[in-house]
Amino acid sequence: MTAPAEIGPPEPVPHSGRASPDALFMTEQHLRGHHAGFASRFIAFVFDCVVSIGVFMLALAAASFAASVLTGQSIHWSRQNLWVVIAFFAWEFFYYAYSWTASGRTPGMWLLGVQVVGQDGSRAGTRRGLVRTLAFPLSFILLGLGFISILFEHDRRALHDLIADTAVIYSWDARDARLRSLARGGSEPRAGSGQSR
């Protein structure tokens with residue numbers, strides 16, 4: 001996986017203090033970072049599946065062990081058990097919803113350096129994180145067609161991204177862009193600093 005190409009610096013802001021529409025667009029794109037591709041997102045998802053299912057299985061094993069210690073009888077869980085199915089889907093919802101609302105990143109996304117943000121580049125937040133979690137299964141239910149747009153759309157948004165008004169970006173790219181922007185802003189002389197008292 002190669003790093004995305006660098007976006008050039010935005011146009012300088014005119015002395016009047018107003019930026020041209022093109023400059024504002026370039027600045028927004030620059031701060032948002034490059035959209036993550038299908039491979040990065042798929043690998044992150046596979047990693048999250050392994051982690052979330054592994055944690056769930058460990059929880060079932062711990063519950064079975066605790067029951068055997070307390071009651072002397074072991075519990076054998078199966079996929080035919082309704083409570084196991086309900087608990088599994090509740091856990092999966094919590095796993096993704098908490099990750100996307102709290103930081104915009106699941107453990108797999110953190111590992112691959114990708115992050116969920118609002119389409120405007122802002123933090124995903126609670127509402128968009130929850131909507132994205134609820135809409136996520138739709139991309140699977142529709143025979144996986146909800147993911148096709150990642151391959152062809154310029155902003156690489158899946159169906160659940162369109163519904164939740166989110167996008168997935170390379171987080172290191174956005175972070176570096178913000179640091180460069182802050183460095184440029186900090187290097188500019190303050191208004192009135194050169195005036196005599």
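This tour goes through the model one selection at a time and says what is found at each stop.

**Before you start**

The model is predicted, so local features need a pLDDT of at least 70 and side-chain atom pairs count only at pLDDT 80 or more, while totals for chains, interfaces and linings use all residues. Residues are numbered from 1 along each chain as its sequence is written, and side-chain values use heavy atoms, with hydrogens and water left out.

**The whole chain**

Select the protein chain, which has 8 helices and 2 strands; these are DSSP runs numbered from the N terminus, with helices being H or I of at least four residues and strands being E of at least two. Read from the N terminus, the elements follow the order α-α-α-α-β-α-α-α-β-α. Of the 197 residues, 34% count as buried, where buried means under 20% relative accessible area, exposed means over 50%, and partly exposed lies in between (1.4 Å probe, protein chains only).

Now colour the chain by pLDDT, the predictor's confidence in each residue, from 0 to 100. The mean for the protein chain is 79, and 71% of its residues reach 70 or more. Residues 1-31 stay under 50, and the model has 34 contacts for them beyond four places in sequence, a contact being heavy atoms within 4.5 Å. Over residues 187-197 the pLDDT is also below 50, and this stretch has 0 contacts beyond near neighbours in sequence. Where pLDDT is low, the predicted coordinates should not be read in detail.

**Helix 2**

Next, select residues 38-71, the 34 residues of helix 2, whose end C-alpha atoms are 49 Å apart, in agreement with the 50 Å that they should span at 1.5 Å a residue (the expected span is 1.5 Å times one less than the number of residues). Its buried residues are Ser40, Arg41, Ala44, Asp48, Ser52, Phe56, Leu60, Ser64 and Ala67. An α-helix has 3.6 residues a turn, so residues three or four places apart point the same way. Just after helix 2 comes Gly72, with a positive phi near 80 degrees.

**Helix 2 against helix 3**

Add residues 82-102, helix 3, which packs with helix 2 at an angle of about 135 degrees, with the axes 11 Å apart. Axes here are lines fitted to C-alpha atoms, for helices over the stretch in contact, and angles run from 0 to 180 degrees between N-to-C directions. That angle makes helix 2 oblique to helix 3, because angles under 35 degrees count as roughly parallel, over 145 as roughly antiparallel, 65 to 115 as roughly perpendicular and the rest as oblique.

Which residues does Ser52 of helix 2 contact, leaving aside neighbours within four places in sequence? They are Trp91, Glu92 and Tyr95, and Ser52 itself is buried, with a relative accessible area of 0%.

**Further along helix 3**

Ser99 lies in helix 3 and is buried at 9% relative accessible area. Beyond residues up to four places away in sequence, Ser99 touches Phe94, Gly104, Arg105, Thr106 and Pro107.

Then show helix 5, residues 125-141, which packs with helix 3 at about 145 degrees, with the axes 8 Å apart. Among the residues that meet there are Phe93 and Trp100 in helix 3 and Gly129 and Phe136 in helix 5.

**Two loop residues**

Finally, select Leu143, in the loop between helix 5 and helix 6 (149-152). Its phi is positive, near 55 degrees, in a residue other than glycine, and at 79% relative accessibility Leu143 counts as exposed. Arg156, in the loop between helix 6 and helix 7 (159-164), also has a positive phi of about 55 degrees without being a glycine, and is partly exposed at 30%.
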